[in-house]
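Me: I keep running into words like "buried" and "antiparallel" and want to know what earns them. Can we go through a structure together?

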Protein chains: 2
Amino acid sequence: MLKNDLLLRALRHEDVKRPPVWMMRQAGRYLPEYIAFRNKYDFFTRVETPELACAITLQPVDILGVDAAIIFSDILVVPKAMGMTVLMEEGKGPSLPNTIKTQKDIDLLNEHDIVSRLSYVLDALKLTKHELNDRVPLIGFAGAPFTLLCYMVEGKGGKGFDKAKAFCFTQPELASMLLEKITQATIQYLIGQAKAGADVLQVFDSWSGLLAPADFDLFAAPYLIKIADAVAPYAPVILFPKGSNYALCSLSQYQNVSGIGLDWTIKPADARRDTQHRVALQGNFDPSKLMMQPNEIRREVHAMIDDFGVNGYIANLGHGITPSIPVRHAKAFVDAVKEYSLNSEA
Amino acid sequence: MLKNDLLLRALRHEDVKRPPVWMMRQAGRYLPEYIAFRNKYDFFTRVETPELACAITLQPVDILGVDAAIIFSDILVVPKAMGMTVLMEEGKGPSLPNTIKTQKDIDLLNEHDIVSRLSYVLDALKLTKHELNDRVPLIGFAGAPFTLLCYMVEGKGGKGFDKAKAFCFTQPELASMLLEKITQATIQYLIGQAKAGADVLQVFDSWSGLLAPADFDLFAAPYLIKIADAVAPYAPVILFPKGSNYALCSLSQYQNVSGIGLDWTIKPADARRDTQHRVALQGNFDPSKLMMQPNEIRREVHAMIDDFGVNGYIANLGHGITPSIPVRHAKAFVDAVKEYSLNSEA
């Protein structure tokens, strides 16, 4: 039914002429059209009003011509729906004033009927799916349990999330209870998103790279896999364990993982070596490079596609696009992928 | 001459009964004795007064019994000596209000006679060397050119140093001029440190892990190697390109690199595979794990040594110790290494 199903074909390793392209944070502050909404409505109003979330989600589809829409939302809607207070001060990042410290704090979290308390996201997905009119696939997403634990225990974004990690290391039983509750909530939420129209589901483990390999295997991987196993029957799953390059080989062994996102700290050839076309790879352009001139962006993007190969590959950034990037540079990135053909070097 | 030369023997891959141990930021805010100095003298007074720097440097040697002292100083003394204003607000990190933007800014930097403007560090080294009375080796250090460029262009610490990276990507000729100037200053400075008594020199590339492998090869590696080649005749060199695990194989090929520091995002076995005992390895305990109980710290430290092997290995953290770590936990880390023997599992 989709007019452009490149993303789904990449996730199935089907032959394509060129890879699909989208950008993390493509509906974001580098777009004047997004800023216009931001100046008018506060963060949670934008997130919780389906018409606003839908309009913001469509912006990069219309303006840049990306091959997928990703629903405008935030990973912290899940802790909020579980009962935590989440504040978002514009330009300052999130804060959660009542952090998780004890078993009682965990017991108070409500992971049941999460979908009813996140109906605004599902409504936004339904509306966006309708408005997209099958032009491109729609991506739903959630934060991974370890990354959500980081915020829920630390109370704010932090360089090293030392407090959250110390919580895991010193109280592993509590950490496991908390991670399990988040996992249950996330599974319901992602299945709900697929049922509401999400064609693909991405799980962001933005902070898993702060963990040593052995700790990733304790505090991140089991929950990622549990989620992938539960939601894969509803939609293909892309995991993005940012910075956890050491986990590529093991994560790619799981049949229910369709794609893995990469940041730019790994060579495409090394990522292919570790994953052997068992999964599609997504990434991994350094967003800072979008400050280069469009012709240089084009050259670098073509080199990146050469390195990853055309099939089983989703062109993307290695992290979200930053506010300072000129729109025409973002467009150069998208156009460079669309121009690519196997003869691009000729 | 040194009563305890374990560090030097590890760097020469000589047989040892147990590895040497020291901790990055071992003279730091987790020590009440350090806090006493901090409450009395501001940051640059502590750094620029040889008697204070010496006293602070000796604290962890006396209190924890580490196998090496590292001179108390800061990587930003070099940009300061080159003519930049560097402000340090307690607990808020550094700021450099006049950032590098143009060729003129670079031309104004003075990389000559840097040693004369950093004589306070050399005096601190001489005094410390005398006070140590050959108990343990003394480590001198400098920031790597790319990491110093990050601060000099960005003007402050930042999550991603996007501005500094964009400077490199969009004005590579200017970046190379700046990196070259910093390199020249750093070489003089490190040779001066060796002459003043430093037994080992460590180069901190704290932010190199923000670079993709190909960009590390452009903006970090050449300058690290140039420094290692110039200063190795004076003292063995340890490079610490934090997070740049992709560079281990290539950096370890250089004869003038004696050791490489690692953070905890790589398995010891993988680091050995990539470096093949061509260099000593240093690291890589996650400092957050120092919040665990002493008996658990001991278990984890012994497992780490088992994994790295005893020879050609320097037990350390994978990053600086954080202020919240109890002193007895830091001591447990050091003691665990000292207790280690090849029969520790028995």
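Reply: Sure, and keep in mind that this is a predicted model. Let's start with a pair of helices: the axes of helix H2 (residues 32-40) of chain A and helix H4 (residues 50-64) of chain A come within 10 Å and cross at roughly 165°.

Me: Why are H2(A) and H4(A) called roughly antiparallel?

Reply: Set the angle against the cut-off. Angles over 145 degrees count as roughly antiparallel. The crossing is at roughly 165°, so H2(A) and H4(A) get that label. The crossing of these two helices is also right-handed.

Me: Which residues meet where H2(A) and H4(A) come together?

Reply: On the H2(A) side you'll find Glu33(A), Tyr34(A) and Phe37(A). They meet Leu52(A), Ile56(A), Gln59(A) and Ile63(A) in H4(A).

Me: What makes H4(B) and H8(B) oblique, then?

Reply: Here the axes of helix H4 (residues 50-64) and helix H8 (residues 119-132) of chain B come within 8 Å and cross at roughly 50°. Angles under 35 degrees would count as roughly parallel, and 65 to 115 as roughly perpendicular. The value of roughly 50° fits neither range, so these helices are oblique to each other. H4(B) passes H8(B) in a right-handed crossing. Residues that meet here include Pro50(B), Ala53(B) and Cys54(B) from H4(B), and Tyr120(B), Ala124(B) and Leu127(B) from H8(B).

Me: On to burial. How do you know whether Asn316(B) is buried or exposed?

Reply: Count its neighbours. A residue is buried if 20 or more other C-beta atoms lie within 10 Å of its own. Asn316(B) has 26 such atoms within 10 Å, so it is buried. Asn316(B) sits in strand E9 of chain B.

Me: What does Asn316(B) touch, leaving out residues up to four places away in sequence?

Reply: Its contacts are Val21(B), Trp22(B), Met23(B), Met24(B), Gln282(B) and Gly283(B). As for Val301(B), that residue is 15 residues from Asn316(B) in sequence and 9.7 Å away in space, C-alpha to C-alpha.

Me: Why is strand E5 of chain A said to be largely enclosed?

Reply: Six of the six residues of E5(A) (residues 200-205) are buried, so the rest of the structure largely encloses it. In a regular strand, side chains alternate between the two faces of the sheet. Here Val200(A), Gln202(A) and Phe204(A) are on one side, with Leu201(A), Val203(A) and Asp205(A) on the other, and all of them are buried. That's how you know both faces are covered.

Me: What makes E4(A) and E5(A) a pair of strands?

Reply: Two strands pair if there are at least two bridges between them. E4(A) (residues 138-143) and E5(A) have five, in the parallel sense. In one of these positions, Gly140(A) has Leu201(A) as its bridge partner. E5(A) also pairs with E6(A) over five bridges, again parallel, and there Gln202(A) stands opposite Ile238(A).

Me: How many bridges join E6(A) to E7(A)?

Reply: Two bridges join E6(A) (residues 237-241) to E7(A) (residues 259-261), and the strands run parallel. At least two are needed, so E6(A) and E7(A) count as a pair. Ile238(A) turns up again here, with Gly259(A) as its bridge partner in E7(A).

Me: What is the order of strands in the open sheet of chain A, and which are called edge strands?

Reply: The seven strands are in the order E1-E4-E5-E6-E7-E8-E9, with parallel pairing. The edge strands are E1 (69-70) and E9 (313-317) of chain A, as each pairs on one side only.

Me: How do you know what kind of axis relates chain A to chain B?

Reply: Chain A can be laid on chain B by a turn of 180° and a shift of 0.0 Å along the axis, with an RMSD of 0.0 Å. That is the relation of a two-fold axis. The same surface serves both copies, since 100% of the contact residues of chain A recur in chain B.

Me: Which residue of chain A comes closest to the rotation axis?

Reply: That's Lys159(A), at 3.4 Å for its C-alpha.

Key. Residues numbered from 1 in each chain as written. Chains lettered and ligands numbered in written order. Predicted model: local features only at pLDDT ≥ 70, side-chain atom pairs only at ≥ 80, totals over all residues. Helix = DSSP H or I, 4+ residues; strand = E, 2+ residues; numbered from the N terminus. Least-squares fit on C-alpha atoms with pLDDT ≥ 70 in both. Contact = placed C-beta atoms within 7 Å. Axes fitted to C-alpha atoms, helices over the stretch in contact; angles between N-to-C directions. Left-handed = near helix turned anticlockwise from the far one by under 90°. Buried ≥ 20, exposed ≤ 12 C-beta atoms within 10 Å, placed from the backbone.
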